[in-house]
Amino acid sequence: MLAMTRAVEALEHDCAHILVDGNRCPSWRWASTAVVEGDAKCLSIAAASILAKEERDRMMIAAAADHPHYGWGSNKGYGSAHHLAALREHGPTPLHRRSFRPVAEQHARALAQALSSVDGLRCDPAQVETNIV
């Protein structure tokens, strides 16, 4: 919701009405309608979805130059076997979403390990909160 709000706030023109692909709209000042499965029901949402995916693919290809281990040039950041193996071997980058389960689990393990090194404190990674954002 925050990313959607930031995107709308960054638009050069004010919006008369916003169609949201999903089941709820953010709490914001614009008139809006949530459309479940909007990309299948609304041409405007479908077009916006295609444009967003194309831009994301371009961003992932560019990011692949700085982070070649993850295969972003071909998997575009989706959790392919190659991407997940690289994530285990090299750890997450600042570009990885911390809400992505393998990244959240790695953060939890790293935090548990760091806590365990403090005066012999023992910490089970399974007990560490993984929704750190």
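In this predicted model, the side chains of strand 1 alternate: Ile18 and Val20 are buried and point to one face, while Leu19 and Asp21 point to the other face and are not buried. In a regular strand the side chains alternate between the two faces of the sheet. Strand 1 runs parallel to strand 2, and four bridges join the two. Within this pairing, Ile18 has Ser32 of strand 2 opposite it.

The two strands belong to a protein that also has six helices. Along the sequence the elements follow the pattern α-β-β-α-α-α-α-α. The protein has 133 residues, of which 26% count as buried. Among contacts with a separation of 6 or more, 12% are between residues 24 or more positions apart.

The loops on either side of strand 1 are linked by charge. Two salt bridges turn up in a search of the whole structure. One of them joins the side chains of Asp14 and Arg29, with an N to O distance of 3.6 Å. Asp14 belongs to the loop between helix 1 (2-9) and strand 1 (18-21), and Arg29 to the loop between strand 1 and strand 2 (32-35), so this pair ties together parts that are 15 residues apart in sequence. Both Asp14 and Arg29 are exposed.

The other salt bridge is formed by Glu55 and Arg58, whose closest N and O atoms are 3.3 Å apart. Here both partners lie in helix 3 (residues 43-66), three residues apart, which is about one turn of the helix. Glu55 has a relative accessible area of 36% and is therefore partly exposed. Arg58, with a relative accessible area of 49%, is also partly exposed, because the class of exposed residues begins over 50%.

Arg56 takes part in a contact of another kind: Arg56 lies over the face of Tyr78, 5.0 Å from the ring centre.

Next come the aromatic rings. A pair of aromatic rings is described by the distance of the centres and the angle of the planes. The structure holds two such pairs. In the pair of Trp28 and Trp30, the ring centres are 5.4 Å apart and the planes stand at 90 degrees, so the arrangement is edge-to-face. Trp28 and Trp30 are both buried. Tyr70 and Trp72 make up the other pair, which is stacked, with 5.2 Å from centre to centre and 20 degrees between the planes. Tyr70 is buried, as is Trp72.

Tyr70 also leads to Asn75, a residue of helix 4 (residues 72-75). Asn75 has a relative accessibility of 11% and so counts as buried. What lies 2.8 Å from the backbone oxygen of Tyr70? A polar atom of the side chain of Asn75 is found at that distance. The side chain of Asn75 makes a further polar contact, at 3.2 Å, with the side chain of Ser80. Leaving aside residues up to four places away in sequence, Asn75 touches Tyr70, Ser80, His82 and His83.

Tyr70 can also be placed relative to helix 5 (residues 81-90), where Ala85 is located. The C-alpha atoms of Ala85 and Tyr70 are 8.3 Å apart in space, and the two residues are 15 positions apart in sequence. Ala85 counts as partly exposed, with a relative accessibility of 33%.

The last feature concerns the backbone. Most residues other than glycine have a negative phi, and most peptide bonds are trans. Where does phi take a positive value in a residue other than glycine? Lys76 is one such residue, with phi near 55 degrees. Lys76 lies in the loop between helix 4 and helix 5 and is buried, with a relative accessible area of 18%. Glu37 likewise is not a glycine and has a positive phi of about 55 degrees. The place of Glu37 is the loop between strand 2 and helix 2 (38-41), and Glu37 is exposed, with a relative accessible area of 53%.

Key:
Residues are numbered from 1 along each chain as its sequence is written. This is a predicted model: local features need pLDDT of at least 70, side-chain atom pairs count only at pLDDT 80 or more; totals for chains, interfaces and linings use all residues. Side-chain values use heavy atoms; hydrogens and water are left out. A salt bridge is a side-chain nitrogen of Lys or Arg within 4 Å of a carboxyl oxygen of Asp or Glu. Buried means under 20% relative accessible area, exposed over 50%, partly exposed in between (1.4 Å probe, protein chains only). Two strands pair if DSSP finds at least two bridges between them. Rings of Phe, Tyr and Trp (its six-membered ring) pair if their centres lie within 6.5 Å; planes under 30 degrees apart count as stacked, over 60 as edge-to-face and the rest as tilted. A charge sits over a ring if NZ of Lys or CZ of Arg is within 6 Å of the ring centre and within 35 degrees of the ring normal. A polar contact is a pair of N or O atoms within 3.5 Å; within protein, one must be able to donate a hydrogen and the other to accept it, and residues adjacent in sequence count only if both atoms are side-chain atoms. Contact means heavy atoms within 4.5 Å.
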